[in-house]
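The following exercises concern the arrangement of helices, strands and a ligand shell. Each task is followed by a worked solution.

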Amino acid sequence: MPDPTPSDEAVIEISKLSTSFGDHVVHSGIDLEVRRGEIFALIGGSGSGKSTLLREMILLHRPDAGSIRVLGVDLQALDGGDANGETLALRQRWGVMFQHGGLFGSLTVQENVGLPLREHTGLDDALIDEIAASKLAMTGLEPKVGAQYPSELSGGMLKRASLARALALDPELVFLDEPTAGLDPESAGEVDQLVRKLRDLFGLTIVMITHDLDLLWQLADRVAVLAEGTVQGIGSMSELAQMDNPAIRKFFDGPRG
Ligand code: ADP
Ligand code: MG
């Protein structure tokens, strides 16, 4: 079993990153590091640039300046395009659960989970089905759910199914954008347990965006607070709770956005 204790090895290193959309500056000098085996959370108000930062970590958006290394690869140095072998190889080492699930409505749940395997491996259909079924089981979904379509699933089941898809290629690193948003407390608690299991049992490194204080207090090893284009503080929730930076205090005291 992998050692669940986070190590000092950086799996993501971001330095002096800046991003603008037209005149709108979203990031102006972001520095942070994610270590192997930790659950790392990004928090910040609505529009603070969390999702954009996540998209930059997974090659869906290019920052204007600065550097991002993920799993030892300098993303700026990749020449883009999925035809590039190094890019393809890197994409297989992470899994992503998008905020709105991102499952294709025209495919069954099991077909959705099998899709990354179909795209990235030469495995035959029978084996792909078998692996997809095992990933569904890993996230606690019954086998019969595999034959259903996304529109037939509850919010909690959809989150599990998209997590199963994120795990299809046995990634080292998993990105979760708002994994418990829109769920009732019970389903949110189940997703909590699932995320914990991914770290503790499978030794995955997890980067998540969330507003869910329960999830943050219970699971996050370290949390980075984003505001005004920069990281205002990084630490455990108890460390952040002691900081007197107003942007951080707002998160603990005031309404959340
Ligand atoms: P968060 O996830 O923290 O709510 P986002 O990263 O989604 O914030 O967005 C940060 C800011 O950048 C917002 O003001 C948003 O409107 C803007 N933004 C994000 N993506 C784009 C885009 N593709 N084009 C223009 N503006 C964008
Ligand atoms: Mg967002």
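## Exercise 1: Helix 3 and helix 5

In this predicted model, V109, N112, V113, L115 and P116 of helix 3 are in contact with A161, A164 and R165 of helix 5. Determine the chemical character of this contact and the relative orientation of the two helices.

Solution.
- Step 1. Sorted by class, the residues of the contact between helix 3 and helix 5 comprise six nonpolar, one polar and one charged.
- Step 2. Helix 3 spans residues 109-120 and helix 5 spans residues 155-166; their axes come within 7 Å and cross at roughly 25°.
- Step 3. Angles under 35 degrees count as roughly parallel, and helix 3 and helix 5 are therefore roughly parallel to each other.
- Step 4. The crossing of helix 3 past helix 5 is right-handed.

## Exercise 2: Helix 3 and helix 4

Establish how helix 3 is oriented towards helix 4, and list the residues through which they meet.

Solution.
- Step 1. Helix 4 covers residues 125-138; helix 3 packs with helix 4 at an angle of about 120°, and the axes are 9 Å apart.
- Step 2. The range of 65 to 115 degrees counts as roughly perpendicular, and angles over 145 as roughly antiparallel. The angle of about 120° belongs to neither class, and helix 3 and helix 4 are therefore oblique to each other.
- Step 3. Helix 3 passes helix 4 with a right-handed crossing.
- Step 4. On the side of helix 3 the contact involves Q110, V113, G114, L117 and R118, and on the side of helix 4 it involves I128, D129, I131, A132, A133, K135 and L136.
- Step 5. The classes in the contact of helix 3 with helix 4 are seven nonpolar, two polar and three charged residues.

## Exercise 3: The four-stranded sheet

In what order do the four strands of the open sheet stand, and why is one side of each edge strand left without a neighbour?

Solution.
- Step 1. The strand order is 2-1-4-5, with antiparallel pairing.
- Step 2. Strand 2 (24-35) and strand 5 (73-74) are the edge strands; each has a single partner strand, so one side of each has no neighbour in the sheet.
- Step 3. Strand 1 (residues 10-21) pairs with strand 4 in the antiparallel sense over five bridges. Here E13 has R69 in strand 4 as its bridge partner.
- Step 4. Strand 4 (residues 65-70) pairs with strand 5 in the antiparallel sense over two bridges, and R69 stands opposite D74 in strand 5.
- Step 5. Two residues separate strand 4 from strand 5 in a hairpin, and L71 in the turn has a positive phi of about 50°.

## Exercise 4: The six-stranded sheet

Describe the open sheet of six strands, its hairpin of strand 9 and strand 10, and the helices that pack on it.

Solution.
- Step 1. The order is 6-7-8-3-9-10, and the pairing is mixed.
- Step 2. Strand 6 (94-97) and strand 10 are the edge strands, each pairing on one side only.
- Step 3. From one strand to the next, the twist averages 15°.
- Step 4. Helix 5 packs on this sheet and touches strand 6 and strand 7 (173-177); the direction of helix 5 makes about 165° with that of strand 6.
- Step 5. Helix 6 (residues 185-202) lies across strand 3 (39-44), strand 7 and strand 8 (205-209), and runs at about 155° to strand 8.
- Step 6. Strand 9 (residues 222-227) and strand 10 (residues 230-235) are paired in the antiparallel sense over five bridges. A224 has I234 in strand 10 as its bridge partner, while V225 stands opposite G233.
- Step 7. The hairpin of strand 9 and strand 10 has two residues between the strands; E228, in the turn, has a positive phi of about 50°.

## Exercise 5: The shell around ligand 1

Which residues are around ligand 1, and which helix gives the most to this shell?

Solution.
- Step 1. The shell consists of F21, V26, G44, S46, G47, S48, G49, K50, S51 and T52.
- Step 2. Helix 1 (residues 50-57) gives the most, with three residues.
- Step 3. The shell divides into two nonpolar, seven polar and one charged residue.

Note on methods:
Residues numbered from 1 in each chain as written. Chains lettered and ligands numbered in written order. Predicted model: local features only at pLDDT ≥ 70, side-chain atom pairs only at ≥ 80, totals over all residues. Pairing = 2+ DSSP bridges. Near = placed C-beta within 6 Å. Nonpolar A, V, L, I, M, F, W, Y, C, P; charged D, E, K, R; others polar. Axes fitted to C-alpha atoms, helices over the stretch in contact; angles between N-to-C directions. Left-handed = near helix turned anticlockwise from the far one by under 90°. Contact = placed C-beta atoms within 7 Å.
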